[in-house]
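I opened this notebook page to look up two things, the cysteines and the aromatic side chains. My entries follow the structure below.

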Amino acid sequence: MFLQLVAGGHLLLFVTRQTRWFFQKPYPAKALFWAIVITQIFAACACYFGWLVPRILL
């Protein structure tokens, strides 16, 4: 549930700013893009390794 909320909330920022595919001009700001990428990686690692949330077993 945690990973779904994090991914859905962050990636929604890309989708709502465009009516077309989100990597067309005007491009997202670099700071916004990298902040979202880094938090997505952290959230995936948190769920996989069990940091602050119960571990997801494969």
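**Aromatic pairs.** I began with the rings and counted 4 aromatic pairs, where rings of Phe, Tyr and Trp (its six-membered ring) pair if their centres lie within 6.5 Å, and planes under 30 degrees apart count as stacked, over 60 as edge-to-face and the rest as tilted. For F42 and W51 I find ring centres 6.0 Å apart and planes at 35°, so I enter this pair as tilted. For F49 and W51 the centres are 5.4 Å apart and the planes lie at 20°, so this pair is stacked. Ring pairs join F42, Y48, F49 and W51 into a cluster.

**Source of the model.** I note that this is a predicted model, in which local features need pLDDT of at least 70, side-chain atom pairs count only at pLDDT 80 or more, and totals for chains, interfaces and linings use all residues. Residues are numbered from 1 along each chain as its sequence is written, and side-chain values use heavy atoms, with hydrogens and water left out.

**Exposure of the cluster.** I next looked up relative accessible area, taking buried as under 20%, exposed as over 50% and partly exposed as in between (1.4 Å probe, protein chains only). F42 is partly exposed at 46%, W51 is partly exposed at 40%, F49 is partly exposed at 47%, and Y48 is partly exposed at 37%.

**What sits over Y48?** The charged end of R55 lies over the ring of Y48, 5.5 Å from its centre; the rule asks for NZ of Lys or CZ of Arg within 6 Å of the ring centre and within 35 degrees of the ring normal.

**Surface patch.** F42, Y48, F49 and W51 recur here, since together with L52 they form a nonpolar patch on the surface with about 600 Å² of accessible area. Such patches take residues with over 30% relative accessible area and no salt bridge, nonpolar side chains (Val, Leu, Ile, Met, Phe, Trp, Tyr) being joined within 5 Å and like charges within 9 Å. A salt bridge here is a side-chain nitrogen of Lys or Arg within 4 Å of a carboxyl oxygen of Asp or Glu, and the areas come from the Shrake-Rupley method with a 1.4 Å probe, only the protein chains shown counting as cover for residues.

**Cysteines.** I then looked for disulfides (a pair of cysteine sulfur atoms within 2.5 Å) and found 0 in the structure. C45 is in no disulfide, the nearest cysteine sulfur being that of C47, 9.5 Å away, which is too far for a bond. I enter C45 as partly exposed at 25% relative accessibility, whereas C47 is buried at 4%.
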